[in-house]
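Q: I'm new to this one and would like a quick tour. Can you walk me through it, starting with the words you'll be using?

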Amino acid sequence: SVVKEGDALVKLDERQAKLALAEAEASLELAKARLLLAKNEQERNAPLAQKRAIAEADFQKLVTDTAAREAELAASIARRDMTQKTLTDSVIRAPFAGVVAERMVEPGEYVKADSPVARVVDLATLRLVLNVPETEVGALAVGQTVEFTTAAFPARTFTGTLKFLGAAVREASRDLVVEGTVDDILRHPTSLT
């Protein structure tokens, strides 16, 4: 499938995240109400504290309670934001435009946070890996243009640019792994059909 950046690739079960968000929002409303009550109590008793009609310790308890309620509100906002993120993260989106080359999960399958779910390939620039015989290594240079064909499109010649030369010849096969990039695949859509 062709996908644009931000398209949904996988949608996870979001029922638990929705319930957690509803609980977090209710806790947030409760924290707001408690803070409002604490502030009202402090404001109502402030004139009494100035006139020494109530003990200083009692008024400081009201001030401390208001500060505690403000901290409780901040914690509730953070919990709500975390559960909102969990809900948002239940939809895994394409990080860039490209083609889904492989789906790695099936519907109903358990997915962990580090589970790969799909492989998205950017066809604008493809990575070309070549094994070059040891006898030809001396003719290679980074930035050099290479032409190649593939078994899938034997009549078509592709061009790319060498970006990396391996550090050493592989002992068993006596060849060097080189990498290049191929930028013109999308300009020739017939090559992908």
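A: Sure. When I say two residues touch, or are in contact, I mean that they have heavy atoms within 4.5 Å. This is a predicted model, so local features need pLDDT of at least 70, side-chain atom pairs count only at pLDDT 80 or more, and totals for chains, interfaces and linings use all residues. Residues are numbered from 1 along each chain as its sequence is written, and side-chain values use heavy atoms, with hydrogens and water left out.

Q: OK, what does T66 touch?

A: Leaving aside residues up to four places away in sequence, T66 touches L35, A38, K39 and Q42.

Q: And where is T66 found?

A: T66 is in helix 2. Helices (H or I, at least four residues) and strands (E, at least two) are DSSP runs, numbered from the N terminus.

Q: Is T66 buried or exposed?

A: T66 is buried, because its relative accessible area is 5%. The cut-offs are under 20% relative accessible area for buried, over 50% for exposed and partly exposed in between, with a 1.4 Å probe and protein chains only.

Q: Which other residues of helix 2 are buried?

A: The full list for helix 2 is F59, L62, T66, L73, S76, T83 and L87. Among what covers them are helix 1 (15–50) and strand 3 (91–93).

Q: T83 is on that list. What does T83 touch?

A: Not counting residues up to four places away in sequence, T83 touches A20, L21 and A24. T83 counts as buried because its relative accessibility is 16%.

Q: How far apart are the end C-alpha atoms of helix 2?

A: They are 48 Å apart, and that agrees with what 33 residues should span at 1.5 Å a residue, namely 48 Å. The expected span is 1.5 Å times one less than the number of residues. Helix 2 itself covers residues 56–88.

Q: What about the loop between helix 1 and helix 2, which residue there has a positive phi?

A: R52 sits in that loop, and R52 has a positive phi of about 60° although it is not a glycine. R52 counts as exposed because its relative accessible area is 68%.

Q: And in the loop between strand 8 and strand 9?

A: There you'll find R174, which has a positive phi of about 55° and isn't a glycine either. R174 counts as partly exposed, because its relative accessibility is 39%.

Q: Let's switch to sheets. What order do the strands have in the open sheet of four?

A: The order is 6-9-8-7, with antiparallel pairing. Two strands pair if DSSP finds at least two bridges between them. Strand 6 (126–133) and strand 7 (145–148) are the edge strands, each pairing on one side only.

Q: How many bridges do strand 6 and strand 9 pair over?

A: Eight, in the antiparallel sense, and strand 9 is residues 175–182. V132 stands opposite L176 in strand 9. Setting aside residues up to four places away in sequence, V132 touches V137, L140, D175, L176 and V178.

Q: Which residues make up the largest nonpolar core?

A: Ten residues in all: L128, V132, L140, V146, F148, F158, L162, L176, V178 and V182. Such a core is a set of buried Ala, Val, Leu, Ile, Met, Phe, Trp, Tyr and Cys residues joined through side-chain atoms within 4.5 Å. Strand 6, strand 7, strand 8 (158–165) and strand 9 each give two or more residues to this core, and strand 9 gives the most, with three.

Q: How many aromatic pairs are there?

A: Two. Rings of Phe, Tyr and Trp (its six-membered ring) pair if their centres lie within 6.5 Å; planes under 30 degrees apart count as stacked, over 60 as edge-to-face and the rest as tilted. F148 and F158 are stacked, 5.6 Å centre to centre with 20° between the planes. F153 and F158 are edge-to-face, at 6.3 Å centre to centre and 70° between the planes. F148, F153 and F158 form one aromatic cluster.

Q: Is F153 partly exposed or buried?

A: F153 counts as partly exposed, because its relative accessibility is 26%. F158 is buried because its relative accessible area is 4%, and F148 is buried too.

Q: Last one: what does strand 4 pair with?

A: Strand 4 (residues 98–103) runs antiparallel to strand 1 (residues 2–3), joined by two bridges, and V3 has G98 as its bridge partner. Strand 4 also pairs antiparallel with strand 5 (residues 118–121) over four bridges, where R103 stands opposite A118.
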